[in-house]
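These are my notebook entries on one protein structure. I set down what I looked up, entry by entry.

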Amino acid sequence: MPEGEAMMIDTPSRTFTGPIRSSSARVLSQAPAPGKRFARAPLIVEWELTRACALVCRHCRHQPITDRHGAELSTDEAKGLLEDVRAFSTPPPAVLMTGGDILERPDLTELVAHGSALGIPITVHLCPTGNVTRSTVEALARAGARAVSLGLDAADPAVHDTERGDPGGFERTTAAASWVREYGLELRILTRVTETTMMGLEALAPLVIELGAAEWALEFPLPVPGNPAVRGINAWQYGVVMRWLDKLALEAPFTITTINGPQWNRLVYERLRDQGVALADLRRHPAAVRLGMRDGRGMLFVTRSGDVQPSRHLKIPAGNVRTRPLYQIYRRAPVFTVLRDEGRLRGKCGLCPFRAVCGGSRARAYAATGDPLGPDPWCLFSPWRTS
């Protein structure tokens, strides 16, 4: 086992054993989106190709993982996974290839080319190691990648490099962003919102614009057991960030998305409603494409060894692509069918009139209560308020 690997097990010890109850009728108003959305296919498949990576990011690990693990999907198995993604629907879900450092896989461009030939929109997340060069980005563009995702946590190079445990990482990331633009790929910037990075978000936004990003994705990580170096924000700070993003979205030249932050969907819905967008037109509106997405509903996560989970943050195993097609796992596995049904949510989330467009973070509920259907402890919205 490579050094550091023991910290990142593939299969969680806890499985989905919570009781499945019938849909609740105790709601305050009609849900603003159909409950069967994303029943047949997710919008995004996030796929961890490898965990091998030379970096020691504070949020991830204490030491590098220098070798690829023997349990990783082979090239043929990986191509089969892409074919399963294509079988979901027309058009197929988008695939986000992530890691670890996915450039540690010598077959990366081969896999990108295979997915692109199948008509799958491919985004690759690159870590700013020495593997990232202009020629690397060019090869990914030639293989048919649609977009490149880069992690950028602060506009201050010192803060970013400290968060990523990588002196010089800021310069390598901004250089890679220029290569992405040079070869005509879309740029996605990923920022992890912690107590350290939160205060720098306002300064980071102009840099995201300057880099020419098409998407700014903000991730709200769960606490990492045994890693006190990562100080997460609290519920009040989360609300402050969400409201700030809501104002930013009015003029931002990029799309704003959130990871483990489904309350953003409620704010998007409310903004569209206030702009006069009819309920019947929501599905066709570009800004509404992600409404209703949350852990296991409209998204899924595949580990390097083929285990399928509702999301990167909700590590409840639902099956493995080595033994069952991905589309069957998503459509039929109990954890997915239950998580897709907003009528099964408990507590405040089950009573909320926005349960279909938001539904709360199932990962945060699971981390806080052990119940993936429980209330999201970070949500400050009250379904009982009268205005």
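Which residues of strand 1 lie on one side and which on the other, and are they buried or exposed? I found Ile-44, Glu-46 and Glu-48 on one side and Val-45 and Trp-47 on the other, all of them buried. Both faces of strand 1 are thus covered. I take buried to mean under 20% relative accessible area, exposed over 50%, and partly exposed in between (1.4 Å probe, protein chains only). Strands (E, at least two residues) and helices (H or I, at least four) are DSSP runs, numbered from the N terminus.

**Entry: source of the model**

I note that this is a predicted model, in which local features need pLDDT of at least 70 and side-chain atom pairs count only at pLDDT 80 or more, while totals for chains, interfaces and linings use all residues. Residues are numbered from 1 along each chain as its sequence is written, and side-chain values use heavy atoms, with hydrogens and water left out.

**Entry: the chain as a whole**

I read 13 helices and ten strands in the protein chain. The chain has 387 residues, of which 55% count as buried. I recorded an accessible surface of about 16300 Å² for the protein chain, 53% of it belonging to carbon and sulfur atoms; such areas come from the Shrake-Rupley method with a 1.4 Å probe, and for residues only the protein chains shown count as cover. I also looked at contacts (heavy atoms within 4.5 Å). Among those between residues at least 6 apart in sequence, 75% join residues at least 24 apart.

**Entry: strand 1 and the sheet**

I returned to strand 1, residues 44–48. Five of its five residues are buried, so strand 1 is largely enclosed by the rest of the structure. In a regular strand the side chains alternate between the two faces of the sheet.

I then looked up the partners of strand 1, counting two strands as paired if DSSP finds at least two bridges between them. Strand 2 (residues 94–98) pairs with strand 1 in the parallel sense over five bridges, and Trp-47 stands opposite Met-97 in strand 2. Strand 8 (residues 299–302) also runs parallel to strand 1, joined by four bridges; here Ile-44 stands opposite Met-299. Strand 8 is in turn joined to strand 9 (residues 307–309) by two bridges, and these run antiparallel. Phe-301 stands opposite Gln-309 in strand 9.

I wrote down the full order as 7-6-5-4-3-2-1-8-9-10, an open sheet of ten strands with mixed pairing. Strand 7 (255–259) and strand 10 (319–320) stand at the edges with a single partner strand each, so one side of each has no neighbour in the sheet.

**Entry: cysteines**

How many disulfides does a search of the whole structure find? I found zero, with a disulfide taken as a pair of cysteine sulfur atoms within 2.5 Å. For Cys-379, the closest cysteine sulfur is in Cys-358 at 5.8 Å, which is too far for a bond. Cys-379 counts as buried at 13% relative accessibility. Cys-127 is buried as well, with a relative accessible area of 12%.

**Entry: Asp-161**

I located Asp-161 in helix 4 (residues 157–164) and noted that Asp-161 counts as buried at 17% relative accessibility. Neighbours within four places in sequence aside, Asp-161 is in contact with Asp-166, Pro-167, Gly-168, Gly-169 and Phe-170. From Asp-161 to Glu-171 I recorded 9.3 Å, C-alpha to C-alpha, with their positions ten residues apart in sequence taken as the separation.

**Entry: backbone geometry**

Most residues other than glycine have a negative phi, and most peptide bonds are trans. I therefore listed what departs from this pattern.

- The peptide bond from Thr-90 to Pro-91 is cis, with omega near 0°; Pro-91 lies in the loop between helix 1 (75–86) and strand 2.
- The peptide bond from Gly-99 to Gly-100 is cis, with omega near 15°; Gly-100 lies in the loop between strand 2 and helix 2 (108–117).
- Asn-260 has a positive phi, near 60°. I place Asn-260 in the loop between strand 7 and helix 9 (263–274), where Asn-260 counts as buried at 9% relative accessibility.
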